[in-house]
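Me: Please take me through the strand pairing and the aromatic contacts of this model, one question at a time.

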Amino acid sequence: MKLSLWFSLLVVALLCGCEGSKDEPVTQNTYYISSSDPNADDNGPGTVEEPWRTLSRASSQTFLPGQSVMLKRGDTWVGETLYLRGSGTSANWITLSAYGTGERPVISPYASPEAISASYPDDAAKNGLLYAIKLESTAGWRIIGLEIANSKSGIVYVNGDEGVRDGLWVEDCYIHDITNWPLTPYPAAENRVPELVIMPYSVGIFTFLNSGERLQNVTIRNCTFERTDAPLEIRHADHVEVDSITATDSYREGVIFTGINYDHAGQPKGSFTNSQILRTGSHGMTWGTAGLALNAVHQFTVDNVEIAYTVSPDSPDGVGIDYEGLNKDVTVQNSYIHDNDDEAVMYYRNPQWSNGIENVNTSLINNRFVNNGIKQDGKLHAAFLVHANNLDNGGTLSGNTIVLKDLQQPLNMIAEMTPQFNEYWPGRINQESYHIQDNRIQLSDGRTVNDASAGYSNIQGGNGWHYEQVKEGIRSAMSWDRGSGQWKGATGKIVISDHEMQTAGGIDALREWISPIEGEITITGKVQLSAGSTASAQVSILKNNDMLWDEAVKGSKKAQHELSLSVKAGDVISFVIRAADEAAVDWNPRLVTP
């Protein structure tokens with residue numbers, strides 16, 4: 001009896017519990033927010049019929065994987081920040097998006113750009129609202145179809161906890177007028193309170209993680225950024241894909257990738273594609289400006305990106321692309337880099353954080369570099385590369401077209417070489433440290449520039465150039481010496497390198513160019529004895545076997561040539577050095593062809 005009674009009471013209790021559960025709220029899959037709906041109430045259920053009114057209400061809720069938060073199209077929230085709480089995954093997202101018809105919903109912490117409060121580096125509270133949307137130690141959010149405006153930062157992801165977070169997706173968002181994050185005094189982080197050290201300046205979309213923490217699976221696509229200090233900076237993330245973004249009129253910096261796929265053991269995804277970065281750097285930056293910066297990025301491809309009109313007022317650089325340091329297996333290809341203040345590309349090794357490690361296997365393939373190095377500051381700016389500390393990079397420079405602003409502009413500024421402004425390629429001490437081929441140098445009128453040094457190759461006939469010696473009237477091809485990166489003749493004293501020619505003992509050294517076209521060409525250049533060479537030399541230019549120019553150089557005497565002539569396809573232009581004793585000349589002839 002006692003057991004039967006106990007069982008009966010248990011059944012009644014369970015039945016009562018079930019009846020009572022009908023009156024408890026059921027978790028929704030979708031929550032709606034509207035600032036304009038007359039039925040909106042933060043005390044309501046957050047349904048489409050009775051939405052919440054404020055972002056603050058949504059900020060107090062912890063959401064679950066698979067749920068959605070929907071902002072009404074055409075509505076605007078001023079004076080609020082949306083804090084996203086709860087974590088999904090890249091396989092089961094939490095979604096923040098829009099419902100209804102009309103324009104994107106707008107999150108605008110301040111009413112206008114002019115209304116963004118003043119900056120206070122020593123007191124976070126004095127700054128007012130710091131974020132439009134903030135995710136802190138949470139991930140797995142997909143943000144689609146919003147407008148983010150008039151804020152000190154846009155969408156900011158911060159991971160302050162140990163471990164790996166999975167998933168951030170931002171699509172079809174318009175992010176603009178993001179500025180006035182505390183900059184001064186900067187870059188000394190100790191002069192700012194911790195909350196303000198997260199970012200160096202205002203950023204449209206920004207991810208911040210401490211060392212050792214990672215964010216996996218980041219996708220940014222079809223977003224427009226206007227008038228931000230910097231549009232996009234992704235830090236310490238693996239499997240990153242950015243596609244079809246437009247970033248214009250950025251005040252401080254352009255798009256920045258830092259610590260992407262860094263030392264990832266597998267085969268991570270990493271790409272930045274089909275995008276534009278225009279008019280970066282109008283306010284300048286202490287350490288310099290760049291349209292696209294790559295810092296400690298591994299296994300990453302930039303493809304079909306236009307980077308143009310980067311400026312550097314009262315600050316260094318103004319380059320199109322900055323390989324800042326610690327990059328490995330990063331390729332920029334099929335892109336259009338033009339009209340930037342400084343060189344098109346900077347290869348660098350940042351002394352402050354790279355620990356002396358250079359960029360490795362970073363490549364430029366099939367790009368157009370047009371009218372770069374155009375800053376009018378009384379200084380010389382090269383057209384293509386500013387290069388330091390990466391001579392053994394191992395990367396590829398091939399299939400690129402480089403258009404000089406004029407004939408006087410040097411191709412590169414390479415800090416490891418003398419002179420630093422030159423037409424040499426990096427790695428000339430050992431040419432095989434870079435793979436350099438099929439690059440074309442032009443002028444804006446379409447004429448092609450053929451420099452002996454820029455066309456220098458480890459292949460006979462590469463870029464139309466051949467390397468020979470003449471001994472007792474008999475011509476023979478020189479041999480490539482891999483160790484020195486030079487062409488060598490019958491003895492080690494018969495040498496041709498990218499800009500030098502050396503001969504001895506009555507054996508002539510010849511550098512020859514075979515014309516691929518018919519038309520009028522010009523040949524210009526300067527000749528002088530190389531440093532340390534004391535013997536005199538006779539230098540000549542021949543077309544086929546006809547002498548065009550012949551001069552002697554000795555001591556400090558220099559020779560200069562400027563010739564115009566007609567050529568047919570197959571004509572041979574020879575640059576010859578002869579001497580009775582050992583002599584070496586510095587000679588980089590330039591041929592300009594139709």
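**Strand pairing and aromatic pairs**

Me: In β37, which residue is the bridge partner of E468?
Reply: The model is a predicted one. Within it, β36 and β37 (residues 474-477) are paired in the antiparallel sense over four bridges. In that pairing, the β37 residue that partners E468 is A477.

Me: Which residue in the turn of the β36 and β37 hairpin has a positive phi?
Reply: Two residues lie between β36 and β37, and the two strands form a hairpin. A phi of about 55 degrees, hence positive, is found in the turn at E472.

Me: Which residue of β42 does Y467 stand opposite?
Reply: Strand β42 (residues 508-514) runs antiparallel to β36, and six bridges join them. The residue in β42 that faces Y467 is R511.

Me: How many of the seven residues of strand β36 are buried?
Reply: Strand β36 covers residues 465-471 and is largely enclosed by the rest of the structure. That description follows because the number of buried residues, out of seven, is five.

Me: Which strands stand at the edges of the open sheet of six strands?
Reply: The sheet has the order β37-β36-β42-β47-β44-β45, with antiparallel pairing. An edge strand has a single partner strand, so one side of it is left without a neighbour in the sheet. The strands in that position are β37 and β45 (546-553).

Me: Which residue in β47 stands opposite Q538?
Reply: Strands β44 (residues 537-543) and β47 (residues 572-578) run antiparallel and are joined by six bridges. Opposite Q538 in β47 stands R578.

Me: Is the ring pair of Y31 and F63 stacked or edge-to-face?
Reply: The count of aromatic pairs comes to 20. For Y31 and F63, the ring centres are 5.6 Å apart and the planes meet at 70 degrees. Planes over 60 degrees apart set the class, so this pair is edge-to-face.

Me: How many residues apart in sequence are the parts that Y31 and F63 tie together?
Reply: Y31 lies in strand β1 (residues 30-33), whereas F63 lies in the loop between α2 (55-59) and β2 (68-72). Both residues are buried. The pair therefore ties together parts whose separation in residues is 32.

Me: Is W287 buried or partly exposed?
Reply: Y201 and W287 form a tilted aromatic pair, 6.3 Å centre to centre with 40 degrees between the planes. Y201 counts as buried, at 2% relative accessibility. The relative accessible area of W287 is 37%, so W287 is partly exposed.

Technical notes:
Residues numbered from 1 in each chain as written. Predicted model: local features only at pLDDT ≥ 70, side-chain atom pairs only at ≥ 80, totals over all residues. Heavy atoms only, no water. Buried < 20%, exposed > 50% of the residue type's maximum accessible area, 1.4 Å probe, protein only. Pairing = 2+ DSSP bridges. Phe/Tyr/Trp six-rings, centres within 6.5 Å; stacked < 30°, edge-to-face > 60°.
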